[in-house]
Amino acid sequence: MSGWDCEYGFDGTDTDGTKWYRCIVHEELAPSPDAPCAGHQEEPYMPPSTTEEPLVGRTITNIRKMTQKELDAEGWNFTQGFEVVLELDDGGSIYAMQDPEGNGPGVMIHNDTDGRSYYLGAYEL
Ligand SMILES: [Zn+2]
């Protein structure tokens, strides 16, 4: 299975001999039928979400910076130094990502009861 859904038909040959193919799925010309055409879109990876509330009642037992191993596992080779993990009492953890695909790390904000805001990682962990 190719992993992409293009279907090509031969479109024609340029005056210089270059062959062109037309993807009938995406209505795009392509120089080769052996790769996805320009109209092919990768399905973005989305971690599964939950309709339950697994965090309600959980206790945060530790706050720490992400380890290099955790950063590597996400493929984040750029960091801003405030990637933070909240460890939970059941062994789970929480950390922020910039989007559901995990394209980069994110920041968590703590709003205290006096109306002050801090981003986690602003102080030494
Ligand atoms: Zn296509």
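The exercises below, each with a worked solution, concern a predicted model of one chain.

**Exercise 1. Overall layout**

Determine how many helices and strands the chain has and in what pattern they follow one another, and then describe the extent of the chain.

*Solution.* Begin with the secondary structure: the chain contains one helix and eight strands, and along the sequence these elements follow the pattern β-β-β-β-α-β-β-β-β. Turn next to the extent of the chain, whose radius of gyration is 23 Å, whereas a compact globule of 125 residues would have a value near 14 Å. Along the principal axes, the C-alpha atoms fill a box of roughly 70 × 30 × 30 Å. The domain assignment then divides the chain into domain 1 (1-43) and domain 2 (60-119), and the centres of domain 1 and domain 2, taken over C-alpha atoms, are separated by 42 Å. Finally, buried residues make up 8% of the 125 residues.

**Exercise 2. The hairpin of β1 and β2**

Work out how β1 is joined to β2, and decide whether strand β1 is largely buried or lies largely in the open.

*Solution.* First, identify the pairing: strand β1 (residues 8-13) runs antiparallel to strand β2 (residues 19-23), and five bridges join them. As one example of this register, Phe10 has Tyr21 in β2 as its bridge partner. Second, look at the connection, where five residues lie between the two strands of the hairpin and Gly17 in the turn has a positive phi of about 95°. Third, consider burial: zero of the six residues of β1 are buried, and the strand therefore lies largely in the open.

**Exercise 3. An unusual backbone angle**

Locate Glu27 in the chain, describe its phi, and explain why Glu27 counts as buried or exposed.

*Solution.* Start with the position of Glu27, which is in the loop between β2 and β3 (28-30). The phi of Glu27 is near 55°, a positive value in a residue other than glycine. For context, most residues other than glycine have a negative phi. As for its surroundings, Glu27 counts as exposed because it has 9 C-beta neighbours inside 10 Å, the limit for this class being 12 or fewer.

**Exercise 4. The three-stranded sheet**

Establish the strand order of the open sheet of three strands, and identify which strands are at its edges.

*Solution.* The order of this open sheet is β4-β5-β6, and its pairing is antiparallel. Its edge strands are β4 (60-65) and β6 (93-94), each of which pairs on one side only. Between β4 and strand β5 (residues 84-88), the antiparallel pairing extends over five bridges; within it, Asn62 has Glu87 in β5 as its bridge partner.

Note on methods
Residues numbered from 1 in each chain as written. Predicted model: local features only at pLDDT ≥ 70, side-chain atom pairs only at ≥ 80, totals over all residues. Pairing = 2+ DSSP bridges. Helix = DSSP H or I, 4+ residues; strand = E, 2+ residues; numbered from the N terminus. Buried ≥ 20, exposed ≤ 12 C-beta atoms within 10 Å, placed from the backbone. Domains from an automatic or database assignment. Rg over C-alpha atoms; globule rule 2.2 N^0.38 Å.
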